Amino acid sequence: MKRTMAIVEREMRRFRRSPFLIVMSMIFPLAQLVVLGYAFGGNVKHLKLAVVDQDHGMPAVRVRELAGAVSAGARTVDLMDYADSGAALQDLRNGLVNGVLIIPPDFSRRSLSSNQPRVALISDNTDNFVSATMAGTMTSVVSSLNTPASAPRVSGAVGLDVVEVYPYVPYIQYLLPGSVTMSIFMMVMIGGGIIFIDDKARGLHEGYLVTPITKLELIAGFNISGTIKAVLAGVAIMILGSIIAGVPNPLDPMRMLRLTVVITVTSFALVSMMFMLMARMSDPLMPRAMFGLLNTVLYFPSGAVYPQQGFPGWMQALAAVDPFTYAVHAFKSLLLKNTGFDAITGDLLYLVAFSFVTMAVAVVLFKRTL
């Protein structure tokens, strides 16, 4: 144990002499949290909707009034009057407008005779978010048109009451669990894996090989030191990110305790995985090349940015063995729901088992000879 702790002390002393490395490993997850949180989390507004009124009757005026109310209130759409549908469609193809609303010439006649009146919405569906927002807005306008002027005293229609268990979660808070996990992963790769391979390339690794230390003690020392570094980064990002994202009661002691436990277990799991991958590696360029691939393969299937229920089958299978999946789920449970250990027991068990398996494989793969 003393020999293992000697390795830990040596790694931590070197880590302390690299403050720039510490700062850079935390800036990226925070920048990702802020930029992605506000880039994807906002409501779509000021979509340009071209209105081609070919009818000009009172029902058509009513459609334009309701669309104008949406434009003046929620600011979802900005109306632009067009006299010619051809010109409106040409501007749609050129990207000058996001959608075209056409009120056909027989709209008023059909409305007054209750003969299936219809309007047409032509949208640029190359952007699904814009297209869905435009369709949802105009669906609400049409629904308002279909609402009777005088509702019956007692309605016989079936209603739905939606009860939300938790307060509204902005997208920046939804991204926070993934950002904390990413900060741990970055510290593992930059502060652990890359430095380890650089030591091997410079020959510093040879000093360990001539000592009587065992492979298990050597790997354990690297894992413990890497875990300490990752925990420091994870806790810092957790606190700063919770404050930036507006998580309620971010400094609650019990929540902090539970989060620290998850950060520690996650850190050890990712460090063990990293040393398993680096055990036979000697080229200093390899971990840098692997960083982007691992970032993509581990981060995006974890459900950090999009629900896993929307993934294809092969990606769901990848997510089932991805340690990021269980770390993100545990962080979501604690940060967004403020649950207890009961909700994350399965996540912790998987991460612990993953740690021991990968560490055992790393010990087997590690060679004491150069």
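**Salt bridges, helix packing and surface features**

Asp81 counts as exposed, at a relative accessibility of 57%. This residue belongs to a predicted model, and its side chain meets that of Arg64 in a salt bridge, with an N to O distance of 2.7 Å. The pair connects distant parts of the chain, since Asp81 is placed in strand E2 (residues 77–82) and Arg64 in helix H3, 17 residues apart. Arg64 itself counts as partly exposed, because its relative accessibility of 31% lies between the limits of 20% for buried and 50% for exposed residues.

Arg64 also takes part in a salt bridge with Asp53, in which the N to O distance is 3.8 Å. Here Arg64 is contributed by helix H3 (residues 58–72) and Asp53 by strand E1 (residues 47–53), so that the contact ties together parts of the chain that are 11 residues apart in sequence. With a relative accessibility of 10%, Asp53 counts as buried, whereas Asp81 is exposed at 57%. Asp53, Arg64 and Asp81 are thus linked in a network of salt bridges. Helix H3 supplies Arg64 to this network, while strand E1 supplies Asp53 and strand E2 supplies Asp81.

In general, side chains of opposite charge can pair when their charged atoms come close. Across the whole structure, four salt bridges were found. One of these bridges joins Arg109 to Asp106, with 3.9 Å between the closest N and O atoms; this distance is within the 4 Å limit for a salt bridge. The two partners fall into separate classes of accessibility: Arg109 is exposed, with a relative accessible area of 54%, and Asp106 is partly exposed at 23%.

Helix packing was examined next. A pair of packed helices is described by the angle between the axes and the distance between them. Helix H3, which carries Arg64, packs against helix H6 (residues 128–146) with the axes 10 Å apart and at an angle of about 130 degrees. H3 is therefore oblique to H6, and H3 passes H6 in a right-handed crossing. For helices H10 and H14 (residues 345–365), the axes come within 8 Å and cross at roughly 25 degrees. These two helices are therefore roughly parallel to each other, an assignment that follows because angles under 35 degrees are placed in that class. The crossing in which H10 passes H14 is left-handed.

Helix H10 (residues 253–278) includes Val261. Together with Met254, Leu257 and Phe341, Val261 forms a nonpolar patch on the surface, and the combined accessible area of the four residues is about 340 Å². Val261 is partly exposed, with a relative accessible area of 31%; the residue qualifies for the patch because membership requires over 30%.

Two residues other than glycine show positive phi values, and both are placed in loops. Phi of His56 is near 65 degrees, and His56 occupies the loop between E1 and H3. His56 counts as exposed, with a relative accessibility of 57%. Phi of Asn249 is near 50 degrees, and Asn249 is part of the loop that joins helix H9 (215–245) to H10. Asn249 likewise counts as exposed, at a relative accessibility of 60%.

Contacts over long stretches of sequence were also considered. Asn249 and Asn338 are 89 residues apart in sequence, yet their C-alpha atoms are 9.7 Å apart in space. Asn338 is located in the loop between helix H13 (323–336) and H14 and counts as partly exposed, with a relative accessibility of 35%. The pair therefore relates an exposed residue in the loop between H9 and H10 to a partly exposed residue in the loop between H13 and H14. In another pair, Gln173 and Val34 are separated by 139 residues in sequence and by 9.9 Å in space, C-alpha to C-alpha. Gln173 is placed in helix H7 (residues 171–202) and is buried, with a relative accessible area of 8%.

Note on methods. Residues are numbered from 1 along each chain as its sequence is written. This is a predicted model: local features need pLDDT of at least 70, side-chain atom pairs count only at pLDDT 80 or more; totals for chains, interfaces and linings use all residues. Side-chain values use heavy atoms; hydrogens and water are left out. Patches are made of residues with over 30% relative accessible area and no salt bridge: like charges are joined within 9 Å, nonpolar side chains (Val, Leu, Ile, Met, Phe, Trp, Tyr) within 5 Å. Accessible areas come from the Shrake-Rupley method with a 1.4 Å probe; for residues, only the protein chains shown count as cover. Helices (H or I, at least four residues) and strands (E, at least two) are DSSP runs, numbered from the N terminus. Buried means under 20% relative accessible area, exposed over 50%, partly exposed in between (1.4 Å probe, protein chains only). Axes are lines fitted to C-alpha atoms, for helices over the stretch in contact, and angles run from 0 to 180 degrees between N-to-C directions. Angles under 35 degrees count as roughly parallel, over 145 as roughly antiparallel, 65 to 115 as roughly perpendicular and the rest as oblique. A crossing is left-handed if the near helix is turned anticlockwise from the far one by less than a right angle, and right-handed if clockwise.
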